[in-house]
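The following exercises are intended for a reader new to this structure. Please attempt each task before reading its solution.

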Amino acid sequence: MDVLKFLFGIFGNATALFLFLSPTITFKRIIQKRNTEQFSGIPYVMTFLNCLLSAWYGLPFVSPNNLLVTTINGTGAVIEAIYVLIFIFFAPKREKAKILGLFIFVMALFSVVALVSVFALHGSGRKLLCGLATTIFSIVMYGSPLSIMRIVVKTKSVEFMPFFLSLFVFLCGTSWFVYGLLGHDPFVAVPNGFGCALGALQLILYFIYHDNKGGDTKKQQPSAEDNVELGLEKPHQLKQANGVNGV
């Protein structure tokens with residue numbers, strides 16, 4: 001059982017690393033243009049918080065036998081921090097202040113959870129606090145593609161939902177879901193079960209609409225509100241953005 005859990009943990013590390021590295025296309029564009037354009041920095045800040053909380057939860061004095069949770073989320077926290085700092089550096093003044101403020105808030109929130117768990121709680125109480133915080137923000141992170149799924153249904157096109165990204169969301173959620181079940185850990189199993197289900201829904205939508213990829217978007221372009229949710233350009237720039245933004 002421990003060997004099987006370990007294997008699913010290793011697979012979960014690999015698939016999660018792919019997800020953490022997938023926005024590099026977006027940030028390559030930001031660096032080249034030296035501007036964040038209409039991309040949103042909020043998802044990267046929230047994923048950074050989720051990684052911090054998950055890495056903390058996996059530490060032996062919080063949750064025994066979950067070190068693989070710490071290794072990948074510690075790595076993810078470093079990657080997401082780099083994304084956030086790049087975004088802040090190239091963002092317009094107003095957006096820079098907003099993302100920097102959110103980043104500071106996230107660091108403060110994590111510090112409170114960590115300090116309370118160390119100095120005020122022990123044993124099961126410590127694991128409960130950190131586990132609940134991790135579960136909440138993991139579900140928030142996994143739930144971020146819901147807006148993309150809405151666009152797929154609305155446009156009947158998967159142009160904005162890359163297949164391999166959806167596949168790795170499913171594989172990552174599934175592997176950590178099984179890892180949590182094998183370890184009898186609901187704080188790992190529950191949010192990743194949610195991620196597994198959302199990943200499966202994305203794949204189902206992909207196979208329903210994959211023949212229409214790019215076919216209906218000329219007739220029914222996403223609205224300005226939808227473009228912002230996807231991190232795409234404004235409507236008059238959408239055609240150019242489609243060829244670059246793969247995330």
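A residue counts as buried when its relative accessible area is under 20%, and as exposed when that area is over 50%. The model examined here is predicted.

**Exercise 1.** Determine whether serine 54 is buried or exposed.

Solution. Serine 54 lies in helix H3, which spans residues 42-57. Its relative accessible area is 5%. The cut-off for a buried residue is under 20%, and serine 54 is therefore buried. Leaving aside neighbours within four places in sequence, the residues in contact with serine 54 are Val69, Asn73, Thr134 and Ser138.

**Exercise 2.** Establish how the axes of helices H1 and H4 are oriented to each other.

Solution. Helix H1 covers residues 2-21, and helix H4 covers residues 67-90. Their axes come within 9 Å and cross at roughly 5°. Angles under 35 degrees count as roughly parallel, so H1 is roughly parallel to H4. By class, the contact between the two helices has ten nonpolar, six polar and one charged residues. On the H1 side, the residues include Phe6, Ile10 and Phe20; on the H4 side, Ile72, Asn73 and Tyr83 are among them.

**Exercise 3.** Identify which residues touch the most other members of the largest nonpolar core.

Solution. This core holds 54 residues, and Met161 and Trp176 touch the most other members. Helix H4 gives the most to the core, with twelve residues. Not counting residues up to four places away in sequence, methionine 161 touches Ile148, Met149, Val152, Ser166, Gln202, Leu205 and Tyr206.

Key. Residues numbered from 1 in each chain as written. Predicted model: local features only at pLDDT ≥ 70, side-chain atom pairs only at ≥ 80, totals over all residues. Heavy atoms only, no water. Core = buried A, V, L, I, M, F, W, Y, C linked by side-chain atoms within 4.5 Å. Buried < 20%, exposed > 50% of the residue type's maximum accessible area, 1.4 Å probe, protein only. Helix = DSSP H or I, 4+ residues; strand = E, 2+ residues; numbered from the N terminus. Contact = heavy atoms within 4.5 Å. Axes fitted to C-alpha atoms, helices over the stretch in contact; angles between N-to-C directions. Parallel < 35°, antiparallel > 145°, perpendicular 65-115°, else oblique. Nonpolar A, V, L, I, M, F, W, Y, C, P; charged D, E, K, R; others polar.
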